[in-house]
Structures are given as C-alpha cells and as structure tokens.
Amino acid sequence: MKAHPDLNRVHEIGCDVIRLLSLGRNDDNYRLLGENGAYTVVVRSMWSHSQNIAIQERAVEALAVLSEHSNNVPVILDAGGIEAVLAAMHTFAESPHVQIKGCAMLSNFASAVDSIKVKIVDEGALDVIVMAMVLHSDNEEIQVRAVILLRKLCIKENVQRMITANISPVITVVEETLGDKLHEETSYIEALKLGRKEGWAKDGYGYRKEGKGKMLSVRKPELKTRSTYCKTLFREAESHALPDLNRWGFLSLATHFCL
C-alpha cells in the first residue's frame, strides 16, 4: 500500500487484509500491524482515495474493527482517524455500510475518555450523525448505532452543542419507532440536555420530575400521534432556528413519516 499509493485495488485488498488480521483481538497481530504502521496507512488511503467508495467502505470497517481494542484508539486518533471517518460518512452519506461502520468506529472512540468525546463533536460529528439518521430512517441498524453513539457523546461538555444541532426531532422519531429497544438511551439524552439528569425518574414518555404543582416531562403526550408529530417537525424544519445544513433533511424526514 505504501509502495503503490495510486493503485485502487491494492488499497481495497490491503484494507480488507488489515481488517481480517484484526479479528479475534490477537495481540500479536495488533503488535505487528502497529509496528508496520497499518493504522496510519489505512487513514492515508482514505484521504488519498476520498472519492472511491469501495476503499472508503473497507477502510472504515477496518478502523471499526481495530478500534475495538482500546490500546489502538490513541494510535488511530493520532493518525487522524476521526476526521477521516467523518469525511467518509459525509461524502458517502447514502451508503448504509459507511454509516454503520462509521458509527461503530466513533462509538468505540466515544467509549474512551471525555476529551475524545469532545473532539468527536468538535470535528462536526453531530451533523453527520443526524444526517445519517435522516437519510436512513428505515434502517434499524443505523438508527440503533447512531442513538447509542449519541448517548455516549452526551456529556455535559457536549450538551449545548447537541441542543444547537437540533437532535431532538430525530431522537423523538427513534423513540416512536424503536422505543422498546432504545428507550433508556433516548430518555437519557433528552434528560441530560435539559440539565435535569439527577433526580429524574422514567415513565412512558421519558424522564419526569415533580414541578410546582405539575409534572415536568421530557416527552410530550401530544407528540405521540404521527400526524401531530409531522406537523411539529415541519414547523421546526421551516423555522430559522434550524441550521441550513439540517433544514432539508428534517423536511425530508417529516415527509417520510407523513406518508
């Protein structure tokens, strides 16, 4: 791969071989890959062949497998792995494989220290994740992986950025469609965004807490019906509160759920 930087097929097969060597978490294989600069080579391949979807798919999957071993995370981080994967997810937003493996890799990174979680958000991950959820609203695996990733990124240092990124509409959609599988994750995200994690209890709508004479609820009952939710989503998408990057996506999502 180093000797033939311009041969696409070499890089496709090379990324596949690196991925296969990483399976099973064999320490000897990890050591050999590290000593030969495999992690850096994969990231460089992604930048050098940024428009080649076959290489991007194989490279993202290779990094997803490699990052399952926590010792590899700092090395991939130093090589620019986060930036490369986010660039691939942005460029090939319609590729389910890139989105699934990209979320998997970022989720592995987000299992590490809080400074890495902050870096992932600083690099623009929230817009990429939201777009993946919008464009692949019918792909359960992408929705599950994306919400789990958002849950890991949901720390106090990132909360304001998550509010600004308007993740609430897509989180609400997931709660409506996959609430039985992801209720804990979606409720946690919404509760922490309100700054009310401590002392909240879960119910059918998310986290609730006694207020002054009434119950405060993260989930609003009036959003339970699809038609009402669509109207709400359209209003949010058409308002100036949404960043331009997300407006068309939320409009598309609203249309999808109204059909």
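## Close-up views of a predicted model

**View 1. Arg58 and Asp16 form a salt bridge, with their closest N and O atoms 3.4 Å apart.** Arg58 sits in helix 4, while Asp16 belongs to helix 1 (residues 8-22), so this pair ties together parts that are 42 residues apart in sequence. How exposed is Arg58? Its relative accessible area is 23%, so Arg58 is partly exposed. Asp16 is partly exposed too, because its relative accessible area is 24%. The model shown here, like every view below, is predicted.

**View 2. A salt bridge joins Glu83 and Lys119.** The closest N and O atoms of this pair are 3.3 Å apart. Glu83 is in helix 6 (residues 81-91), and Lys119 is in helix 8 (residues 114-122). The two residues are 36 residues apart, and their pairing links distant parts of the chain. Glu83 has a relative accessible area of 24%, so Glu83 is partly exposed. Lys119, at 25% relative accessibility, also counts as partly exposed.

**View 3. Lys117 and Asp114 make a salt bridge within helix 8.** Their closest N and O atoms are 3.6 Å apart. The two residues are three residues apart, about one turn of the helix. Is Lys117 buried or exposed? Lys117 has a relative accessible area of 13%, which is under the 20% limit, so Lys117 is buried. Its partner Asp114 counts as partly exposed, at 38% relative accessibility.

**View 4. Shared partners turn salt bridges into a network.** Which residues does this network join? They are Asp16, Arg19, Arg58 and Glu61. The Arg58 and Asp16 pair of the opening view is a salt bridge between two of these residues. In total, the structure holds nine salt bridges.

**View 5. Several helices line the second largest pocket.** This pocket holds about 160 Å³ of space. Helix 4 (53-66), helix 7 and helix 10 (140-153) each give two or more residues to the lining. Which helix gives the largest share? Helix 7 does, with five residues. The lining includes Lys101, Cys103, Ala104, Ser107 and Asn108. Glu61, Ala64 and Val65 are also among the lining residues, and so are Glu68, Arg145 and Ile148. By type, the lining divides into five nonpolar, two polar and four charged residues. Glu61 also has a place in the salt-bridge network.

**View 6. Gln99 is a buried residue of helix 7.** Helix 7 covers residues 96-110. How accessible is Gln99? Its relative accessibility is 1%, so Gln99 counts as buried. Which residues does Gln99 touch, leaving aside its neighbours within four places in sequence? Gln99 is in contact with Met89, Phe92, Ala93, Ala132, His136 and Ile142. Met89 lies within the residue range of helix 6 (81-91), and Ile142 within that of helix 10 (140-153).

**View 7. The whole chain puts the close-ups in context.** The protein chain has 14 helices and three strands. Of its 259 residues, 47% are buried. Among contacts with a separation of 6 or more, 63% are between residues 24 or more positions apart. The chain exposes about 12600 Å². Carbon and sulfur atoms supply 52% of that area.

Notes
Residues numbered from 1 in each chain as written. Predicted model: local features only at pLDDT ≥ 70, side-chain atom pairs only at ≥ 80, totals over all residues. Heavy atoms only, no water. Helix = DSSP H or I, 4+ residues; strand = E, 2+ residues; numbered from the N terminus. Buried < 20%, exposed > 50% of the residue type's maximum accessible area, 1.4 Å probe, protein only. Contact = heavy atoms within 4.5 Å. Areas by Shrake-Rupley, 256 points an atom, 1.4 Å probe, with all protein chains shown as cover. 1 Å grid on protein atoms, 1.4 Å probe; cavity = no way out; pocket = protein on both sides within 12 Å on 5 of 7 lines; lining within 4 Å. Points joined across faces, edges and corners; volume = space filled by probe spheres on them. Nonpolar A, V, L, I, M, F, W, Y, C, P; charged D, E, K, R; others polar. Salt bridge = Lys/Arg side-chain N within 4 Å of Asp/Glu carboxyl O.
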